[in-house]
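Here are some notes to read alongside the model. Have the 3D view open and follow the points in order.

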Amino acid sequence: MNQTSPSKITKKKFSIAVEGNIGSGKSTILSLLDKSYLCDVVVEPIESWTNVNGHNLLAMLYKDPVRWGMTFQAYAQMTLTKLHALQTKKPVKVMERSIYSARYCFVENLYRSKILQQVEHEILNEWFNFMTENGRCNLDMIIYLRTSPEVCLERIKARNRPEEKSIDLNYLTALNNLHEQWLIQKKPYVPCAPVLIVDANQNQELVYKEANEYLTNLVC
Ligand code: TTP
C-alpha cells in the first residue's frame, strides 16, 4: 500500500471515495466495509442506470455510445452528485466512485475517442464545474484500487453483466490510463484529496484488510 497521508479523523465526518477501473473490485470492498462500525457505505446507483423508468440506459450506452454517451454521462453525473450530498451517521462515509472519476475518466475517454462532440463535452464540463464549486463534492480521501486492465477484464467476464459484453481490453486500457493520470501522475487533473493506493490485483480479502486497517488507524 502506498499513500499520501490525510490527517487523523477529527469530529467532522470523513468522506472517502473508492475509485478504480471497471472490474477493479470496488463493490466487493464496499460490501465488506459496510459491515464496519466505522463506515456508512453509499453505493453507486447502477440499478438506476439500468432502469431509468423502464429504460436500460447502461445497455443503451454500450449498444450506441454516440447516441447515448451524453445522456448517460449527464445522468451518471447527477446520480453521483446525489451520493456526495447524502448525509450519513457513522464517522466515515465511503462512496463508490465520485463525480470526479465520471468526469476525468469516463467523460474524458468518450471525448478523446470522438464519441462525445465538443459541445457535449462543454456542457458536461460546465455542469461538473457548477456541481463541484464551493466544496459541494469535497472528499477527504480517495482509495484507489489499482488493477491491471487484464485482471479487470477477467473479473468483468466472470461476473458477466449482460450490458458489459462488448467491453474489451482496449477500452479498459484507455480507462486505466486516465485513472493513472488523475490519481498517480496527478496531471492534467489533480485529485481533490490524498490518495491511498491499494494493489487490487491481489485477493480481495487482502485489499479489504489493508483498507480497513488504514481506516481504523485513522480513527483511533
Ligand atoms: P463502475 O463504476 O466501474 O462499477 P463496477 O460495478 O463495474 O465496479 P467494480 O467492478 O470495481 O465493483 O462501472 C459501472 C458501469 O458503469 C460500467 O459498465 C461502466 C459504466 N460507467 C460509465 O460508462 N460512465 C461513468 O461515468 C461511470 C461512473 C460508469
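1. Let's start with charges. Lys and Arg count as positive, and Asp and Glu count as negative, while His and the chain ends are left out. On that basis the chain carries 26 positive and 23 negative charges, and the mean positions of the two groups lie 4 Å apart. Keep in mind that you are looking at a predicted model.

2. Now the overall build. If you colour by secondary structure, you should find nine helices and six strands. The radius of gyration is 17 Å, close to the 17 Å that the globule rule gives for 220 residues, so the chain is as compact as a globular protein of that length. Along its principal axes, the C-alpha trace spans about 50 × 40 × 35 Å.

3. Next, inside and outside. Of the 220 residues, 52% are buried, where buried means under 20% relative accessible area. The accessible surface adds up to about 11,000 Å², and carbon and sulfur atoms account for 54% of that.

4. What about contacts along the sequence? Take the contacts between residues at least 6 apart in sequence: 77% of them join residues at least 24 apart.

5. Have a good look at strand E2, residues 14-19. How many of its residues are buried? Six of six, so to speak a full house. Phe14, Ile16 and Val18 point one way from the strand, Ser15, Ala17 and Glu19 point the other way, and all are buried. Notice that Glu19 is on that list, and that Glu is one of the residue types counted as negative.

6. Who are E2's partners? On one hand there is E4, residues 92-96, which pairs with E2 in the parallel sense over five bridges. To find this pairing on screen, look for serine 15 standing opposite lysine 93 in E4. On the other hand there is E5, residues 141-146, which runs parallel to E2 and is joined to it by four bridges. Here alanine 17 has isoleucine 142 as its bridge partner, and valine 18 has isoleucine 143.

7. Follow E5 a little further. Five of its six residues are buried, so the strand is largely enclosed by the rest of the structure. Besides E2, E5 pairs with E6, residues 195-199, again in the parallel sense and over five bridges. Isoleucine 142, already met as the partner of alanine 17, also stands opposite valine 195 in E6. Try tracing E4 to E2, E2 to E5 and E5 to E6 on your screen.

Notes
Residues are numbered from 1 along each chain as its sequence is written. This is a predicted model: local features need pLDDT of at least 70, side-chain atom pairs count only at pLDDT 80 or more; totals for chains, interfaces and linings use all residues. Side-chain values use heavy atoms; hydrogens and water are left out. Helices (H or I, at least four residues) and strands (E, at least two) are DSSP runs, numbered from the N terminus. The radius of gyration is taken over C-alpha atoms; the globule rule is 2.2 Å times the number of residues to the power 0.38. Buried means under 20% relative accessible area, exposed over 50%, partly exposed in between (1.4 Å probe, protein chains only). Contact means heavy atoms within 4.5 Å. Accessible areas come from the Shrake-Rupley method with a 1.4 Å probe; for residues, only the protein chains shown count as cover. The place of a charge is taken as NZ of Lys, CZ of Arg, CG of Asp or CD of Glu. Two strands pair if DSSP finds at least two bridges between them.
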